[in-house]
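This report introduces one structure to a reader who has not met it before. Please look at the sequence and the model together before reading on.

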Amino acid sequence: MASELRIPVTVAEGDGIGPEITAATRRIVDAAGAAIAWVPITVGNAAYLQGETSGVPEAAWQAIRVHRVMLKGPVLTPQGGGYKSVNVTLRKSLGLFANVRETRALAPYVPTRHPGMDVVIVRENEEDLYAGIEHRQTAEVFQSLKLISRPGTERIVRYAFAYARAYGRSKVTCMTKDNIMKLTDGTFHRVFDEVAVEYPEITAEHMIVDIGAAKLADTPEDFDVVVTLNLYGDVLSDVTAQIAGSVGLGGSANVGESVAMFEAIHGTAPDIAGRGIANPSGMLMAATQMLVHVGQPEVAERIANAWLRTLEDGVHTGDVYRAGTSRERVGTESFADAVIERLGEMPRQLTPVHYREADLQVHLSPPVPVTKVLRGVDVFVDWSEGDRAPAVIGDRLAAVATAAGWTLKMITNRGVRVYPDGFPETHCTDHWRCRLFPTDAAPARFAQVLELLAAVDGAGLEVIKTEHLYDFDGEPGYSLAQGE
Ligand code: NAD
């Protein structure tokens with residue numbers, strides 16, 4: 001049974017159908033015996049209308065920070081006028097590092113080609129290419145920095161395993177592209193292998209994301225929990241929601257170290273707002289995730305099983321109603337009544353859910369000290385003289401480097417070695433990465449790097465950026481070029 005202590009949860013009803021589905025959800029959660037004290041707050045359109053461009057007024061911020069758990073209805077983001085998305089604001093400001101999206105097939109009540117699928121995508125939410133650090137470096141070349149941190153990775157991977165344990169799931173699949181990105185994606189894979197050892201009851205597997213995505217789209221019933229980096233997770237969570245056919249019925253969680261926010265996947269459905277016909281299921285499923293998060297898995301389980309039973313009994317809102325499989329077309333409130341009537345009952349055809357008490361708080365390992373030695377430098381040069389013959393820039397730079405006490409190891413163009421010994425077939429842009437090491441092979445000093453750059457600049461070559469080549473505990477902290 002739920003603890004006697006009532007846990008305060010901020011609740012924002014949102015816009016459009018938000019107030020209707022929030023009221024229905026709250027009623028079901030209360031009827032199920034949740035030990036929750038609702039703390040209503042306002043975000044979204046009402047806040048925008050008061051001139052709050054973030055959509056989150058000060059009073060709401062305070063309540064969210066104090067109570068740390070939020071159930072949120074969908075909100076609209078007004079077009080133009082400098083308004084910011086409430087979701088992006090909350091995610092970034094509160095450090096909500098994990099995005100968790102559950103997609104479960106509900107066949108035959110919701111048509112899908114994958115009746116057995118029940119997949120959760122746990123997506124890292126803060127790092128990767130979404131840091132949005134981009135530069136144009138030459139006339140032809142643009143870059144976006146992919147930043148992956150070890151603690152950021154450990155947090156999301158630990159959360160995925162803790163989630164699997166709490167929700168009675170048996171497998172976690174990690175998807176990366178570490179055959180290509182050995183340092184960034186390689187770190188994600190390594191940390192996954194390390195953490196997996198602490199969860200012997202859960203099967204851990206790794207797939208390269210391309211074949212993993214293909215298998216997920218083809219045989220989603222073979223997957224359980226998937227943990228992955230931000231960009232891959234963004235794509236994969238849309239794929240799974242789409243093929244489950246139940247975007248309107250799924251919940252999602254955005255979890256941070258101190259705050260967690262739960263919401264439906266769908267939006268404000270302005271076309272049906274105010275008519276009392278919206279399906280509250282997405283928000284209800286978000287509420288069950290919220291209940292597991294606050295340590296009331298038995299209440300979440302009661303609700304989820306009663307909800308499955310309601311769908312099985314053919315009591316459906318208009319979006320799910322199909323002549324043949326449905327028995328009764330109901331509105332939002334009647335659907336909530338039907339779920340409440342079935343509290344304590346189990347589904348007979350759909351698989352019942354079973355949630356466990358588990359610690360979803362992520363505890364990170366302490367930082368491990370490393371020895372870092374500067375070995376060399378990659379100097380990036382913008383050069384497009386003549387017909388861009390690599391030997392021309394290579395010989396010129398090699399001479400400058402030698403005079404400055406450095407040795408030019410090689411030059412690559414878009415990662416392919418073109419000097420020395422490149423292939424004439426390689427297409428060269430105006431962007432040259434030149435790898436240099438001190439000639440005496442001793443650890444480099446930053447002052448030496450500056451002297452080298454001054455010499456390169458003095459020789460009329462345009463330096464656009466540098467990357468230091470460090471060894472960490474004797475291991476190179478940089479990728480080797482193709483052919484190096
Ligand atoms: P939507 O999800 O609101 O609606 C898409 C379709 O699904 C509509 O036909 C709608 O009637 C139907 N639908 C959605 N939820 C339903 C429910 N619970 N019951 C029955 N039918 C439902 O998507 P949209 O139309 O692209 O977006 C509308 C607004 O919602 C936009 O302003 C968008 O910015 C916002 N939005 C907010 C969130 C959020 O707050 N998390 C997410 C997505 C979209």
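## Lysine 465 and the ligand site

In this predicted model, the side chains of lysine 465 and glutamine 143 form a polar contact at 3.3 Å. Lysine 465 belongs to strand S19, which spans residues 462–472. With a relative accessible area of 16%, lysine 465 counts as buried, because the limit for that class is under 20%. Leaving aside residues up to four places away in sequence, lysine 465 touches Gln137, Gln143, Asp378, Val379 and Phe380. Glutamine 143 thus appears both among these contacts and as the polar partner of the lysine 465 side chain.

The second topic is the ligand and its surroundings. The ligand is surrounded by 18 residues. The closest of them are Val75, Gly267, Ala269, Asp271 and Asn279. By character, the shell around the ligand consists of nine nonpolar, five polar and four charged residues.

The table lists distances from a ligand atom to an N or O atom in a side chain.

| Ligand atom | Side chain | Distance |
|---|---|---|
| oxygen | lysine 72 | 3.4 Å |
| nitrogen | asparagine 87 | 3.1 Å |
| nitrogen | histidine 266 | 3.2 Å |

On its own, the ligand has 820 Å² of accessible area, and the protein covers 62% of it.

Two lysines have thus been described: the side chain of lysine 465 pairs with that of glutamine 143, while the side chain of lysine 72 has an N or O atom 3.4 Å from an oxygen atom of the ligand.

Definitions and conventions:
Residues are numbered from 1 along each chain as its sequence is written. This is a predicted model: local features need pLDDT of at least 70, side-chain atom pairs count only at pLDDT 80 or more; totals for chains, interfaces and linings use all residues. Side-chain values use heavy atoms; hydrogens and water are left out. Helices (H or I, at least four residues) and strands (E, at least two) are DSSP runs, numbered from the N terminus. Buried means under 20% relative accessible area, exposed over 50%, partly exposed in between (1.4 Å probe, protein chains only). A polar contact is a pair of N or O atoms within 3.5 Å; within protein, one must be able to donate a hydrogen and the other to accept it, and residues adjacent in sequence count only if both atoms are side-chain atoms. Contact means heavy atoms within 4.5 Å. A residue is near a molecule or strand if one of its heavy atoms lies within 4 Å of it. Accessible areas come from the Shrake-Rupley method with a 1.4 Å probe; for residues, only the protein chains shown count as cover. Ala, Val, Leu, Ile, Met, Phe, Trp, Tyr, Cys and Pro count as nonpolar, Asp, Glu, Lys and Arg as charged, and the others, Gly among them, as polar.
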